[in-house]
Amino acid sequence: MHGRKGERALRQTVDADVAVIGAGVVGTAIAERLSRLDLSVVVIEQRDDVGDGTSKSNSGIAASGWTLPASTLEAQLVTASNPRWEDICGRLGVEYRRCGMVALCRSEEDRARAPALIENARRNGVDTRLVEGDELAGLAPHASRDAVAGIAIPSEGVIDSVRLPIAYAQLAALNGVTFFLGEPVVRATRRGHEVTEIATPQRRVRPRFVVNAAGLGADAASGMLGTEDFSVHPRRGQWLLLDRDFGARVPSILTGLPTERTHGVMVIPTAHGSVLLGPTAEDIEDKQDRSTGASTLERVLAECRTLMPAIDPRFVIKTFAGVRPHSVPTYRIERSSLAANVITIAGIRSTGVSGSPGIADYVAGLLADAGLTAKDKDQVADRLDQPMPLRRSGDCAASASEPLGRTVVCACEKVTAAEIHQALQGPVGARSISGIGRRTHAMWGRCQGSACLSGVTFIASLYLDGEPWELPVHESGATLGVARARRR
């Protein structure tokens, strides 16, 4: 359910057992986990769609946890999540492939570091091994022949991290969770050591418990809630995206050996067949700064070619940047010491996707420890009945039984009219052109929408207020309406 603007909404007061602030991959995973319990749960998100911040521009790697410091909470939650992806993604209709990773030793100094990394992985319960010579060439035929060795991590995988929070949210909504989108938290009211009310411009929410999963905004949310004082700093990563025609040349993830600060650039086969190169790790001031620089991207391309010399820049179809949160301590998931009914999640830099199932379980446990008692619902949906189709073949439309399913709107990604209609309907439907893209991958191929944008906007105009040429590319200002029957 989307928050509705207007005078009536301004007077609305909502009671809830749990209010989750933030609808990124962590917030939506928590909402989905809590939706299985006999609780009233609301999610409050300042942006107009779920997964529209950090979650939409990350690496798409479902990590094994091999590099994480052993015995830390982050390692515990990521390694607990990793074996579950086939089941979770099968139920949610989210693309996932356990393609493996090879971390290349590009010097003898790197080779000397490898045993310590392999031992750390062993302590985390992650299977790795050193590979050299013919074994390395067979396992990673796309890797540079200049590599002296590599560490093979077969349990690494790639996931459609853009669809994942949408699917979490859709399943949560089916199980009764209410989503208030486009509603920033503007203030909170406390009584003693508890937060008793959260206000947005549209409504007041009176929760028994609050989960601060606001990502880059977790520090601001914590300030309004009167909980711990900390700062979240933005770290920008710039990326290049290569066309699916190049994707078949990249069977597994390639990277160098990690440092304490960053994993370094990677060559990543995405879950839907394209290839990502990057990211950078730039500490910046502006949390909204997703700009890219030509010289920086040239350096990313050059460094990635030390991993895979055959990278062909003619296949680059898009460059973009994402911003991930960094704070001290780096990984914070805890009950607040200043508000008995608040759980704070902050500083989840690069493993929000990878750890999201484990984080959701852990937060459910923290809420139980804080006094939230609830039994499992008698009936609960554990899968999406109509998930978005997975990776498409060239004849996907030919097998469809009805006209909309046989009408391909986006030729690059083989997206049909039926899929676009589906993306605009149901729980947590798209509210903009880019929202349709995140749900279907329409406009994501080689032409980047130049051939299909008109068809996408025409269908969207049947659901969103406005003529096709008036519709927002992004969510701001969009209003979800009832499909109009009239022809345009």
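Okay, let's start with a question: in which loop does Pro279 lie? Hold that thought for a minute, and keep in mind that what you see on the screen is a predicted model.

So, Pro279. Look at the loop between β16 (275–278) and β17 (282–283), and there you'll find Pro279. I picked it to open with because of some background: most peptide bonds are trans. The bond from Gly278 to Pro279, though, is cis, with omega near 0 degrees. There's another one to look at, going from Val328 to Pro329, and that bond is also cis, again with omega near 0 degrees. Pro329 turns up in the loop between β18 and β19 (332–335).

While we're on backbone oddities, let me take you to the loop between α14 (433–440) and α15 (453–460), where Met443 lies. As a rule, most residues other than glycine have a negative phi. Met443 isn't a glycine, and yet its phi is positive, about 75 degrees. Gln448 is found in the loop between α14 and α15 too, and Gln448 also has a positive phi, of about 55 degrees, without being a glycine. Are these two buried or exposed? Met443 has a relative accessible area of 12%, so it counts as buried. Gln448 comes out at 30%, so that one is partly exposed.

Right, on to the sheet. Find strand β14, residues 253–256. Remember that in a regular strand the side chains alternate between the two faces of the sheet. Here, both faces of β14 are covered. On one side you have Ile253 and Thr255, on the other Leu254 and Gly256, and all of them are buried. Which strands does β14 pair with? Strand β5 (residues 101–105) runs parallel to β14, joined by four bridges. Strand β15 (residues 266–269) runs antiparallel to β14, with two bridges. Leu254 is a nice residue to click on here: Val102 stands opposite Leu254, and so does Val267 in β15.

Now a couple of helices. Helix α5 covers residues 108–123, which is 16 residues, and at 1.5 Å a residue that should span 22 Å; the end C-alpha atoms are 24 Å apart, so that agrees. Where does α5 bend? At Ala114, by about 30 degrees, and a proline, Pro115, follows within four residues. Ala114 is buried, by the way, along with Asp110, Leu117, Asn120 and Ala121 in α5.

Helix α10 is the other one, residues 294–307. It has 14 residues and reaches 20 Å from the first C-alpha to the last, close to the 20 Å expected. The buried residues in α10 are Thr296, Leu297, Val300, Leu301, Cys304 and Leu307. Why say that they line one face of the helix? Because, seen down the axis of α10, the buried residues fall within an arc of 140 degrees. Swing around to the other side of α10, and Ala294, Glu298 and Arg299 are exposed.

Last stop, the aromatics. How many aromatic pairs do we get? The count is two. One is Trp239 with Phe320, and that pair is stacked, at 6.4 Å centre to centre with 15 degrees between the planes. It links distant parts of the chain: Trp239 is in strand β13 (residues 232–242), Phe320 is in strand β18 (residues 316–327), and they're 81 residues apart. Trp239 is buried at 3% relative accessible area, and Phe320, at 19%, counts as buried too. The cut-off there is under 20%.

The other pair is Phe246 with Phe315, and this one is tilted, at 5.5 Å centre to centre and 45 degrees between the planes. Phe246 lies in helix α9 (residues 244–247) and Phe315 in the loop between α10 and β18, so the pair ties together parts that are 69 residues apart in sequence. Both of these phenylalanines, Phe246 and Phe315, are buried.

And there are arginines over rings as well. Arg203 lies over the face of Phe180, 4.0 Å from the ring centre. Then Arg332 has its charged end over the ring of Phe230, 4.5 Å from the centre.

That's my tour. Questions?

Note on methods:
Residues are numbered from 1 along each chain as its sequence is written. This is a predicted model: local features need pLDDT of at least 70, side-chain atom pairs count only at pLDDT 80 or more; totals for chains, interfaces and linings use all residues. Side-chain values use heavy atoms; hydrogens and water are left out. Buried means under 20% relative accessible area, exposed over 50%, partly exposed in between (1.4 Å probe, protein chains only). Two strands pair if DSSP finds at least two bridges between them. The expected span of a helix is 1.5 Å times one less than its number of residues. The arc is that of the directions from the helix axis to the C-beta atoms. Rings of Phe, Tyr and Trp (its six-membered ring) pair if their centres lie within 6.5 Å; planes under 30 degrees apart count as stacked, over 60 as edge-to-face and the rest as tilted. A charge sits over a ring if NZ of Lys or CZ of Arg is within 6 Å of the ring centre and within 35 degrees of the ring normal. The bend at a residue is the angle between axes fitted to the seven residues ending there and the seven starting there.
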